[in-house]
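User: Could you take me through one part of this protein slowly, as if we were looking at it together on the screen? I am in my first year, so please show me how the pieces connect.

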Amino acid sequence: MRTIIIDDEPLARSLLIELLEEHKDIEVIAECNDGFEGLKAIQELQPELVFLDIQMPKITGFEMLELLDNPPKIIFTTAYDEYALKAFEVNALDYLLKPVHADRLSGALGKVRNYAQGESQLSRDRIIPQMPEQMQRIVVKAGGEVKILPLQDVFYLEAADDYVKIHTSDKYYLKHQTMSNFEQQLPSHQFVRIHRSYLVNIQHIHKVDLYEKEQYCVILRNDARLQVSRTGYTKLKAELGF
């Protein structure tokens, strides 16, 4: 099984490679130091399995995974157990805490082999329930490049079928994700769901305007006009205090 290890800690990579030597059906074909290197290696080498660290410089393991159209089988490796639930939510086969132990690694590889044989029902006994981590930025692909958007540059998000349009001051980026997912992960004191189609960054609201009887819209600093539902208006009033 062609395998890539993506981890910014050389010692962690070395330990994992040493442990994997006991598993003759695993071939480590590349080591990567960060998510950008990992993204390139996966696209070029097409591995069957990836051991992926979560907390890395530049982009996190979760962010890197979002940029892959057809990700390989994933086993997350991390020193932090609070990411366990999110790891399974993105369909990782297992989640290993560092330092990785031989018996847990064997168990994880057993899941990979079973999955490869069509047994996709995974044990979740080790999941530690946690709320999803709040986003601090949004990572998108644009014309073959990866862009990192700080939240302060995002004016609003708009539902678009199976995608979300992420609008900045003068352009937008498409991301294959749901509005409800963004609503859960974006900081609620900054982003308010004003309509089923819109999540708005209240820092960029210029004014709230009445355009029909009991019908409101928000006008943003880039002159975008967004419809506000009744529920959205209640949320907006509570957050802005008017």
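Analyst: Let's start with two strands in this predicted model. Strand β8 (residues 156-160) and strand β12 are antiparallel and are joined by 3 bridges. One of the residues to look for is L157, whose bridge partner in β12 is L199.

Now turn to strand β11 (residues 191-195). This strand also runs antiparallel to β12, and 4 bridges join the two. Here you can find H195 with Y198 as its bridge partner in β12, and R193 with L199 as its partner. The chain gets from β11 to β12 by a hairpin of 2 residues.

What lies on the two faces of β12? As a general point, side chains in a regular strand alternate between the two faces of the sheet. In strand β12 (residues 198-201), Y198 and V200 are on one side, while L199 and N201 are on the other. These four residues are all buried, and both faces of the strand are covered.

Let's step back to the whole sheet. It is an open sheet of 5 strands with antiparallel pairing, in the order β10-β9-β8-β12-β11. The strands β10 and β11 are the edges, each pairing on one side only. Ignoring direction, neighbouring strands of this sheet are turned by 25° against each other on average. In general, the strands of a sheet pair through backbone hydrogen bonds, in either a parallel or an antiparallel way.

The edge strand β10 is a good next stop. Strand β10 covers residues 172-175 and includes L174. L174 counts as partly exposed because its relative accessibility is 43%. Together with Y163 and Y172, L174 forms a nonpolar patch on the surface, and the three have about 300 Å² of accessible area together.

K175, also in β10, has a charged partner. The side chains of K175 and E66 meet in a salt bridge, at 2.7 Å from N to O. E66 belongs to helix α3 and K175 to strand β10, so this pair ties together parts of the chain that are 109 residues apart in sequence. K175 counts as buried because its relative accessibility is 7%, whereas E66 is partly exposed at 35%.

Just after helix α3, look at L67. This residue sits in the loop between α3 (61-66) and β4 (73-78). L67 counts as buried because its relative accessibility is 2%. Leaving aside neighbours within four places in sequence, L67 is in contact with L39, I59, V139, V140, K141 and V146. L67 and H176 are 109 residues apart in sequence, yet their C-alpha atoms are 9.2 Å apart in space.

Now go back to the other edge, β11, and find R193 again. The side chain of R193 meets that of E183 in a salt bridge, with 2.8 Å from N to O. R193 lies in strand β11 and E183 in helix α6 (residues 179-185), so the pair ties together parts that are 10 residues apart in sequence. R193 is buried, with a relative accessible area of 18%, while E183 is partly exposed at 32%.

E183 also forms a salt bridge with K235, where the closest N and O atoms are 3.7 Å apart. This pair links distant parts of the chain, since E183 is in helix α6 and K235 in helix α7, 52 residues apart. K235 is partly exposed, with a relative accessible area of 36%.

Following K235 brings us to another sheet. Helix α7 (residues 230-240) lies across β13, β14 and β15 and runs at about 140° to β13. These 3 strands form an open sheet in the order β13-β14-β15, with antiparallel pairing. Its edge strands are β13 (205-212) and β15 (225-228), each pairing on one side only. Strand β14 (residues 215-220) is joined to β15 by 4 bridges, and V218 has L226 as its bridge partner in β15.

Finally, here is the wider setting. The chain has 7 helices and 15 strands, and 46% of its 242 residues count as buried. The structure holds 14 salt bridges. Elsewhere, D7, E9, D53 and K98 are linked in a network of salt bridges.

How values were computed:
Residues are numbered from 1 along each chain as its sequence is written. This is a predicted model: local features need pLDDT of at least 70, side-chain atom pairs count only at pLDDT 80 or more; totals for chains, interfaces and linings use all residues. Side-chain values use heavy atoms; hydrogens and water are left out. Patches are made of residues with over 30% relative accessible area and no salt bridge: like charges are joined within 9 Å, nonpolar side chains (Val, Leu, Ile, Met, Phe, Trp, Tyr) within 5 Å. Accessible areas come from the Shrake-Rupley method with a 1.4 Å probe; for residues, only the protein chains shown count as cover. A salt bridge is a side-chain nitrogen of Lys or Arg within 4 Å of a carboxyl oxygen of Asp or Glu. Buried means under 20% relative accessible area, exposed over 50%, partly exposed in between (1.4 Å probe, protein chains only). Two strands pair if DSSP finds at least two bridges between them. Axes are lines fitted to C-alpha atoms, for helices over the stretch in contact, and angles run from 0 to 180 degrees between N-to-C directions. Contact means heavy atoms within 4.5 Å.
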